[in-house]
Amino acid sequence: MSRQNILTGSPWEDKMGYCRAVRIGNIIEVSGTVAIVDGENVKADDAFAQTNNIIERIAKVLEEAGSSLNDVVRTRIFTTDITQFDNIAKAHGAFFGAIKPTTGIYEISKLVSPDYLVEIEFTAIAQ
């Protein structure tokens with residue numbers, strides 16, 4: 001089977017030696033993704049906006065891999081503040097309410113920057 005690496009141009013991709021997503025056959029694994037915190041639309045204290053931003057961006061990555069959010073079978077959500085569960089769930093549910101992938105949400109002590117409240121990994125199986 002051939003391997004397709006999907007790169008997004010992030011400086012971290014070369015620094016860490018990873019890519020945003022890998023597709024082998026019909027399986028697509030997406031790296032942990034954080035929001036683009038711009039201070040206006042996506043703020044460091046807004047878990048809903050961060051979750052929304054992440055999923056919107058990954059929809060584009062999946063499209064590049066020949067897939068879509070409809071093919072997502074699992075998400076793994078990491079947060080530095082589990083009290084934000086309702087805000088994270090609201091954003092996740094807006095995209096996945098009808099798709100219903102398996103998921104888990106985990107509180108962790110830190111992400112790579114204090115601006116990030118949420119990081120999400122995705123697994124998709126293309127049709």
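**A predicted model: loops, sheet and helices**

Q: Is K100 buried, partly exposed or exposed in this predicted model?
A: The relative accessible area of K100 is 61%. The cut-off for exposed is over 50%. K100 therefore counts as exposed.

Q: Where is K100 placed, and what is its phi?
A: K100 sits in the loop between α3 and β5. Its phi is positive, although K100 is not a glycine. The value is near 55°.

Q: In what order do the six strands of the open sheet stand?
A: The pairing in this sheet is mixed. Its six strands leave the sheet open. The order is β1-β2-β3-β6-β4-β5.

Q: Which strands stand at the edges of the sheet?
A: An edge strand here has a single partner strand, so one of its sides has no neighbour in the sheet. That is the case for two strands. They are β1 (3–6) and β5.

Q: What is the average twist from one strand to the next?
A: The twist is taken from each strand to the next one. Averaged, it comes to 10°.

Q: How many bridges join β3 to β6, and which residue of β6 is the bridge partner of V30?
A: β3 covers residues 27–34 and runs antiparallel to β6. The number of bridges joining them is six. For V30, the bridge partner in β6 is F122.

Q: Which strands does α2 touch, and what angle does its direction make with that of β6?
A: α2 packs on the sheet. It touches β1, β2 (21–24), β3, β4 and β6. Its direction and that of β6 make an angle of about 30°.

Q: Which strands does α3 touch, and what angle does its direction make with that of β4?
A: α3 also packs on the sheet. Its contacts there are with β4, β5 and β6. With the direction of β4, its own direction makes about 160°.

Q: Does β4 run parallel or antiparallel to β6, and parallel or antiparallel to β5?
A: Seven bridges join β4 to β6, and this pair is antiparallel. T75 has F122 of β6 as its bridge partner. Six bridges join β4 to β5, and that pair is parallel.

Q: Which residue of β5 is the bridge partner of T79?
A: In the pairing with β5, R74 stands opposite T102. T79 has its own partner in β5. That partner is E107.

Q: What handedness does the β-α-β unit of β4, α3 and β5 have?
A: The unit is made by β4, α3 and β5. Its two strands, β4 and β5, run parallel. The unit is right-handed.

Q: What is the phi of G25, in the turn of the hairpin?
A: β2 and β3 form the hairpin, with two residues between them. Four bridges join these antiparallel strands, and A21 stands opposite V30. G25 is in the turn, with a positive phi of about 65°.

Q: How far apart are the end C-alpha atoms of α3, and why does this agree with what its residues should span?
A: α3 has twelve residues, 85–96. At 1.5 Å a residue, they should span 16 Å. The end C-alpha atoms agree with this, because they are apart by 15 Å.

Q: Which residues of α3 are buried, and what arc do they cover around the axis?
A: I88, A91, H92 and F96 are buried. They lie on the same side of α3, because the arc they cover is only 120°.

Q: Which exposed residues are on the face of α3 turned away from its buried side?
A: The buried residues of α3 are covered by elements including α2 (47–64), β4 (72–79), β5 (102–107) and β6 (118–125). The face turned away from the buried side carries exposed residues. They are D86, K90 and A94.

Q: Which residues does D115 contact, leaving aside its neighbours within four places in sequence?
A: D115 lies in the loop between β5 and β6. It is partly exposed, at 37% relative accessibility. Its C-alpha atom is 7.2 Å from that of V37, 78 residues apart along the chain. The contacts of D115 are V37, A44 and Q50.

Definitions and conventions: Residues are numbered from 1 along each chain as its sequence is written. This is a predicted model: local features need pLDDT of at least 70, side-chain atom pairs count only at pLDDT 80 or more; totals for chains, interfaces and linings use all residues. Side-chain values use heavy atoms; hydrogens and water are left out. The expected span of a helix is 1.5 Å times one less than its number of residues. Buried means under 20% relative accessible area, exposed over 50%, partly exposed in between (1.4 Å probe, protein chains only). The arc is that of the directions from the helix axis to the C-beta atoms. Contact means heavy atoms within 4.5 Å. Two strands pair if DSSP finds at least two bridges between them. Axes are lines fitted to C-alpha atoms, for helices over the stretch in contact, and angles run from 0 to 180 degrees between N-to-C directions. A crossover is right-handed if, with the strands pointing away from the viewer, the path from the first strand over the helix to the second runs clockwise.
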